[in-house]
Amino acid sequence: MRNLIFGLLLCLSTAPLLAPRSLQASSSAQKIVTAAQVNGTWRYKSNTLKVWALGQQKLRVEFLGTYEYKTGGELMANTGSGSGIARIEGDTAIFRPEDADEECKITMRFTEGKLIVEQEGGCGFGHNVIASGTYRKVSGSKPKFGLD
């Protein structure tokens with residue numbers, strides 16, 4: 001009898017750990033980031049993303065990208081840029097630069113001091129210039145945008 005009671009207590013105490021993953025995921029709260037976590041200048045290789053929270057789930061975003069290559073022993077570069085307003089929900093923002101094609105979609109996910117960026121479609125940045133990558137914050141100060 002004693003073993004049966006111990007077994008029942010053990011099962012009851014581990015029940016949440018045994019719940020299906022889909023049930024566990026749906027019960028967890030959506031991750032939310034603060035303005036302090038997103039605001040600033042982010043870099044990946046030669047690319048820069050400037051981000052500033054505007055309130056009401058909107059972010060001002062500016063992308064400056066560079067693709068470096070050598071030709072004939074000379075260092076060359078293609079560059080591109082885009083800016084606009086992104087909408088953020090939880091820890092993920094969707095950004096479409098103002099002059100980009102309809103297929104352009106840049107997903108920005110803020111996580112543990114990193115900014116993970118994925119680009120879908122051609123965004124018109126220039127040959128081989130893409131926004132995708134894992135960015136690190138280099139400054140938390142308000143960035144200078146365009147002609148600011």
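In this predicted model, the count of aromatic pairs comes to four. A pair of aromatic rings is described by the distance of the centres and the angle of the planes.

One of the pairs is formed by Tyr44 and Tyr135, whose ring centres lie 5.6 Å apart; their planes stand at 45°, so the pair is tilted. This pair links distant parts of the chain, since Tyr44 belongs to strand S1 (residues 40-44) and Tyr135 to strand S8 (residues 133-139), with their positions 91 residues apart. The two partners may also be described by their accessibility. Tyr44 has a relative accessibility of 25% and therefore counts as partly exposed, whereas Tyr135, at 0%, counts as buried.

Phe63 and Phe125 form another aromatic pair, also tilted, with 4.6 Å from centre to centre and 45° between the planes. Here too, distant parts of the chain are linked: Phe63 lies in strand S3 and Phe125 in the loop between S7 and S8, 62 residues apart. Both of these phenylalanines are buried.

In soluble globular proteins, nonpolar side chains tend to be buried together. The largest nonpolar core in this structure has 24 residues, and those that touch the most other members are Leu49, Leu59, Ile106, Met108 and Phe110. Two or more residues of this core come from each of the strands S2 (47-55), S3 (58-71), S4 (74-89), S5 (92-95), S6 (105-111) and S7 (114-120).

Ile106 merits a closer view. When its neighbours within four places in sequence are left aside, Ile106 is in contact with Ala93, Ile94, Phe95, Pro97, Val117, Glu118, Gln119, Cys123, Phe125 and Ala131. Phe125, named among these contacts, is the ring that pairs with Phe63.

Definitions and conventions
Residues numbered from 1 in each chain as written. Predicted model: local features only at pLDDT ≥ 70, side-chain atom pairs only at ≥ 80, totals over all residues. Heavy atoms only, no water. Core = buried A, V, L, I, M, F, W, Y, C linked by side-chain atoms within 4.5 Å. Buried < 20%, exposed > 50% of the residue type's maximum accessible area, 1.4 Å probe, protein only. Helix = DSSP H or I, 4+ residues; strand = E, 2+ residues; numbered from the N terminus. Contact = heavy atoms within 4.5 Å. Phe/Tyr/Trp six-rings, centres within 6.5 Å; stacked < 30°, edge-to-face > 60°.
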